[in-house]
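Please look at the chain as a whole before turning to single residues. The paragraphs that follow begin with one small local detail, then step back to the overall fold, and then return to particular side chains.

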Amino acid sequence: MAQTFTDLPLDELVDYRPALDAPDDLDAFWSDTLAEARAAAGPTVLAEVSSPVRALHVRDLTFTGFGGDEIKGWVVRPHGDEELPAVVEFIGYGGGRGLPGEKSAWANAGYVHVIMDTRGQGSSWSVGDTPDPHGSAAAFPGVMTRGILDSRDYYYRRLYTDAARLIDEVSRLDGVDASRIAVTGGSQGGGLAIAAAALAGETVAALLPDVPFLADFPRAIVRTPLAPFTEITRFLSIHRDAEDAVLRTLSYVDGAILARRITVPALFSVALMDDIVLPSGVFASFHALQSSDAAIEVYRYNGHEGGGYRHFMKQVAWLDARFGR
């Protein structure tokens with residue numbers, strides 16, 4: 001991690017509200033995209049799996065996301081059939097859902113813990129099992145520029161749709177209290193949590209993103225020193241005449257634009273020495289919220305690892321209070 005602050009001073013960050021223009025057809029774009037995915041949806045399947053985590057019940061999840069594509073996941077919960085609130089977790093860049101029972105923190109806290117696999121990733125730091133069957137035009141290695149010249153072809157259109165579709169299905173799972181579903185994740189997972197809360201509407205009751213990625217793209221791609229934002233910078237260094245098309249595509253998935261739709265309670269975290277997701281992008285998303293109950297935990301001396309387990313303890317206490325536990 002960086003050894004010094006990587007962005008604006010904190011007193012400027014708390015006032016940072018970039019003027020980001022939403023596309024005129026943003027609402028129709030996402031309404032049509034989700035309607036198409038729901039029309040193509042197949043049955044959701046839960047299957048028993050063998051896991052060394054015997055104190056919890058671990059099941060393999062298959063649901064349909066963008067284009068009717070099958071997406072994998074895990075459902076982990078305390079034993080028994082009691083109806084419980086759920087926490088849906090999305091995974092950071094390059095990672096996948098992991099092995100059975102590998103991620104169980106929220107189930108240990110007494111929640112139904114649902115983990116979504118990330119299409120086309122899952123080979124960088126944790127294993128995944130979901131392909132992305134859609135191709136794209138020329139792209140820089142990684143997923144940030146796949147289909148980036150057209151919003152309908154863009155990779156994150158597919159991934160955001162997967163996230164919103166998962167919320168649909170979690171709300172229908174036996175043993176889940178559909179009125180108490182929260183979304184969370186770190187980095188890319190935090191960006192997906194923001195997208196899910198923005199696109200799934202009232203089905204999401206609380207939002208807990210950590211050092212969330214995928215926001216304030218016009219600033220991030222010219223000021224962030226490390227990947228993945230630099231994938232876009234490298235792409236533009238070759239495709240020198242594509243800036244307008246690229247920025248337009250990114251405006252459909254920018255967390256600081258989509259967060260304007262969110263009214264539910266939210267707890268963010270940000271790290272001031274983060275050189276992967278600049279603090280300004282996190283504050284841009286946070287300040288775009290329309291929530292009357294919103295807080296952000298600032299970790300002054302941390303990088304992209306954020307608040308770690310100490311922050312998780314705060315998250316559990318915060319969510320317990322809002323979900324009446």
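Does Asp-216 count as buried or exposed? In this predicted model, Asp-216 has a relative accessibility of 2% and therefore counts as buried, since the cut-off for that class is under 20%. Asp-216 is found in the loop between β7 and α6, and its phi is near 50°, which is a positive value in a residue other than glycine. The loop between β7 (206-210) and α6 also holds Leu-214, whose phi of about 75° is likewise positive although Leu-214 is not a glycine. Leu-214 counts as buried, with a relative accessibility of 0%.

Another backbone detail lies further along the chain, where the peptide bond from Ala-227 to Pro-228 is cis, with omega near 10°. Pro-228 belongs to the loop between α6 and α7, the latter helix covering residues 229-238.

With these local points in mind, the overall fold can be described. The protein chain contains 11 helices and 9 strands, and its C-alpha trace spans about 55 × 40 × 35 Å along the principal axes. A compact globule of 325 residues would be expected to have a radius of gyration near 20 Å, and the 18 Å computed for the protein chain agrees with that expectation. Of the 325 residues, 58% count as buried. Where contacts join residues at least 6 apart in sequence, 75% of those contacts are between residues at least 24 apart.

The outside of the chain can be described in similar terms. The accessible surface comes to about 13100 Å², and 50% of this area belongs to carbon and sulfur atoms. The protein chain carries 28 positive and 43 negative charges, and the mean positions of these two sets are 2 Å apart.

Which helix is largely enclosed by the rest of the structure? The helix is α10, and the reason for describing it in this way is that 10 of its 10 residues are buried. The buried residues of α10 include Pro-279, Gly-281, Val-282, Phe-283, Phe-286 and His-287. Around them, the buried residues of α10 pack against the helices α1 (10-13), α5 (188-199), α6 (217-223) and α9 (255-258), and also against the strands β8 (266-271) and β9.

The charged side chains provide a further way of following the fold. Side chains of opposite charge can pair when their charged atoms come close. A search of the whole structure finds 20 salt bridges, and some of them connect parts of the chain that are distant in sequence, as the next examples show.

How far apart are the closest N and O atoms of Glu-36 and Arg-152? These atoms are 3.4 Å apart, and the two residues form a salt bridge. Because Glu-36 lies in helix α2 (residues 26-39) while Arg-152 is in the loop between β5 (112-116) and α4 (155-170), the pair ties together parts that are 116 residues apart in sequence. Both partners are partly exposed, Glu-36 having a relative accessible area of 42% and Arg-152 a relative accessibility of 39%.

A second salt bridge brings together the side chains of Arg-38 and Asp-168, with an N to O distance of 2.8 Å. Arg-38 lies in helix α2 and Asp-168 in helix α4, so this pair ties together parts that are 130 residues apart in sequence. Arg-38 is partly exposed, with a relative accessible area of 37%, whereas Asp-168 is buried, with a relative accessible area of 10%. Arg-38 and Asp-168 also belong to a network of salt bridges that links them with Arg-165, Glu-169 and Arg-172.

A further salt bridge joins Asp-293 to Arg-322, with the closest N and O atoms 2.9 Å apart. This pair links distant parts of the chain, since Asp-293 is in the loop between α10 (279-288) and β9 (294-299), Arg-322 is in helix α11 (residues 308-323), and the two are 29 residues apart. Asp-293 is partly exposed, with a relative accessible area of 26%, and Arg-322 is also partly exposed, at 36%.

Terms used
Residues are numbered from 1 along each chain as its sequence is written. This is a predicted model: local features need pLDDT of at least 70, side-chain atom pairs count only at pLDDT 80 or more; totals for chains, interfaces and linings use all residues. Side-chain values use heavy atoms; hydrogens and water are left out. Helices (H or I, at least four residues) and strands (E, at least two) are DSSP runs, numbered from the N terminus. The radius of gyration is taken over C-alpha atoms; the globule rule is 2.2 Å times the number of residues to the power 0.38. Buried means under 20% relative accessible area, exposed over 50%, partly exposed in between (1.4 Å probe, protein chains only). Contact means heavy atoms within 4.5 Å. Accessible areas come from the Shrake-Rupley method with a 1.4 Å probe; for residues, only the protein chains shown count as cover. Lys and Arg count as positive and Asp and Glu as negative; His and the chain ends are not counted. The place of a charge is taken as NZ of Lys, CZ of Arg, CG of Asp or CD of Glu. A salt bridge is a side-chain nitrogen of Lys or Arg within 4 Å of a carboxyl oxygen of Asp or Glu.
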